Amino acid sequence: MARGAGARSGSAHRGTGELGLGQLEAVRLILRGSSVVDWRRLHFRDAAEVDAFLALNLFDLSDPRDERRLRSILAQAVEYMRKAFGYRVAEAVAQPADLRDVFLQASGAADARHRRIACIVLKCMHVVHHLEARELLFRTPIREADLAERVDRRVMGEARRMQQLGLPVIEFVGNVKARASLVTKLLAKGETVAAQIFDRVRYRLLTERRDEIPAVLNHLCTSLFPFNYVVPGQSQNTLLRFRDMLRRHPSAAAIARELQAPLDAEAHDPGPANQFSGKGFKMLNFVVDLPVRIDELVAPGASPTEDLGGVVFSLVEFQVTDAATARRNEEGDSNHARYKRRQLQNVLRRLSRGLVVPKREA
């Protein structure tokens with residue numbers, strides 16, 4: 001889908017006022033670039049919702065291999081808690097009859113006595129899975145370009161589905177950053193060699209109106225990527241304030257009391273700003289570690305303890321704005337050409353510091 005994706009169905013998307021607490025928390029996670037590890041509870045109401053979440057993580061509990069993999073991750077998380085902190089993890093959490101129960105316990109929807117320990121164990125599972133997926137990627141012979149192609153198929157497949165559902169997206173396009181742009185970006189960063197490029201693969205979403213963006217974000221983190229793998233500290237948000245968004249919700253006061261972090265947290269943590277953007281530039285950028293299955297490339301492990309599953313992760317950046325803001329972003333100091341000029345001037349200053357700069361070719 002490139003342009004013209006916004007055919008309306010009237011009821012195909014949910015407005016801010018229709019989003020529940022869990023959905024609002026996930027949208028807020030995107031806007032702030034915060035971490036799910038700092039959460040104190042989940043918001044699953046039943047097993048079907050857990051299944052949908054696991055599907056976004058590319059796990060299917062009806063597949064014995066996926067169930068074994070998840071139980072392995074759970075066992076490692078429990079062992080860590082017991083050895084590192086001496087926690088007495090309840091057997092109902094450590095060895096549940098149904099793995100979905102751990103997610104329901106962490107949500108207070110099943111055996112609320114174990115909510116805290118279930119939540120802690122799931123945080124550890126989140127990290128263990130990510131670490132082992134990275135190890136799997138290092139061991140697997142897959143080119144970066146091939147991984148990016150798998151990501152693109154998944155993302156653009158969802159883009160077409162969004163069009164069919166009538167979501168308010170009038171543009172959804174993707175591209176891979178050119179090699180010269182990667183070199184410039186790394187040279188512009190203070191960390192240079194150690195810096196990580198988060199927007200090698202990126203997608204731009206444009207809505208007709210700004211107040212439609214929360215519904216689009218909610219759709220993305222319930223249909224494309226799991227909210228728990230939004231990369232902390234990488235959201236740049238000069239477009240939407242969660243406080244303003246919540247103010248329009250009919251249950252704003254009740255929701256504010258239940259939030260994972262105080263409502264005024266954004267006032268003290270606006271997120272990193274791009275030093276090369278114009279003062280009037282407004283956009284929401286966030287990065288997701290998108291799960292990708294590579295089962296056919298995984299060599300069988302020598303033993304069950306070496307089974308790292310078939311899921312790896314690939315970093316993807318999303319740039320979201322509305323049509324009117326996008327037009328203003330191309331005016332004056334915010335124009336992309338001026339952004340690139342400021343970035344290149346900074347790189348040239350760093351490269352030439354203390355050196356003689358060669359003359360440009362005629």
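Start by selecting E212, which sits in the loop between strand 2 (201-207) and helix 9. You are looking at a predicted model, so every value on this tour is computed from it. With a relative accessible area of 3%, E212 is buried. Now add T16 to the selection: the two residues are 196 apart along the chain, yet their C-alpha atoms are separated by 8.1 Å.

**Next stop: helix 9**

From E212, move on to helix 9, residues 213-223. Is this helix enclosed or open? Nine of its 11 residues are buried, so the rest of the structure largely encloses helix 9. To see them, pick I213, P214, A215, V216, L217, N218, H219, L220 and C221.

**Across to helix 1**

Now select residues 21-32, which form helix 1. Here nine of the 12 residues are buried, so helix 1 is also largely enclosed by the rest of the structure. Color L24, E25, A26, V27, R28, L29, I30, L31 and R32 to show the buried set; R28 and E25 are among them. If you have a distance tool at hand, try the two end C-alpha atoms of helix 1. They are 16 Å apart, which agrees with the 16 Å that 12 residues should span at 1.5 Å a residue. Step one residue past the helix and you reach G33, where phi is positive, near 70°.

**The loop after helix 1**

Continue to R41, in the loop between helix 1 and helix 2. Buried or partly exposed? R41 has a relative accessible area of 27%, so it counts as partly exposed. Show the residues around it: leaving aside those up to four places away in sequence, R41 touches A106, S107, G108, R115, C119 and Q260. For another long-range pair, select L104, which is 63 residues from R41 along the chain; their C-alpha atoms are separated by 9.9 Å.

**Two loop residues with positive phi**

Pick L58 next, in the loop between helix 2 (47-56) and helix 3. L58 is not a glycine, but its phi is positive, about 65°. Then go to D111, in the loop between helix 5 (100-106) and helix 6. D111 is not a glycine either, and its phi is positive at about 45°. Its relative accessible area is 31%, which makes D111 partly exposed.

**Along helix 3**

Select residues 64-85 for helix 3. The end C-alpha atoms are 31 Å apart, in agreement with the 32 Å that 22 residues should span at 1.5 Å a residue. Within helix 3, the buried residues are D66, R69, L70, I73, L74, A77, V78 and M81. What covers them? Turn on helix 2, helix 4 (91-94), helix 6 and strand 4 (284-293), which are included in the cover. At the far end, helix 3 is followed by G86, with a positive phi near 70°.

**Where helix 3 meets helix 6**

Keep helix 3 visible and add helix 6, residues 115-139. At what angle do the two axes cross? They come within 8 Å of each other and cross at roughly 115°. The crossing is right-handed. To display the contact, select R69, L70, I73, L74, Q76, A77, V78, Y80 and M81 on helix 3, together with I120, V121, C124, M125, V128, H129 and E132 on helix 6. Color by residue class and the contact divides into 12 nonpolar, two polar and two charged residues.

Zoom in on V128, which lies in helix 6. V128 is buried, with a relative accessible area of 14%. Apart from residues up to four places away in sequence, V128 touches I73 and Q76. Select A77 as well: it is 51 residues from V128 along the chain, and the C-alpha atoms of the pair are separated by 6.9 Å.

**Zooming out**

Finish with the whole chain in cartoon view, which shows 14 helices and five strands. Of its 362 residues, 46% are buried. Among contacts with a separation of 6 or more, 80% are between residues 24 or more positions apart. Switch on the surface to end the tour: the accessible area of the chain comes to about 18800 Å², and 52% of it belongs to carbon and sulfur atoms.

Key:
Residues numbered from 1 in each chain as written. Predicted model: local features only at pLDDT ≥ 70, side-chain atom pairs only at ≥ 80, totals over all residues. Heavy atoms only, no water. Axes fitted to C-alpha atoms, helices over the stretch in contact; angles between N-to-C directions. Helix = DSSP H or I, 4+ residues; strand = E, 2+ residues; numbered from the N terminus. Left-handed = near helix turned anticlockwise from the far one by under 90°. Contact = heavy atoms within 4.5 Å. Nonpolar A, V, L, I, M, F, W, Y, C, P; charged D, E, K, R; others polar. Expected span 1.5 Å × (residues − 1). Buried < 20%, exposed > 50% of the residue type's maximum accessible area, 1.4 Å probe, protein only. Areas by Shrake-Rupley, 256 points an atom, 1.4 Å probe, with all protein chains shown as cover.
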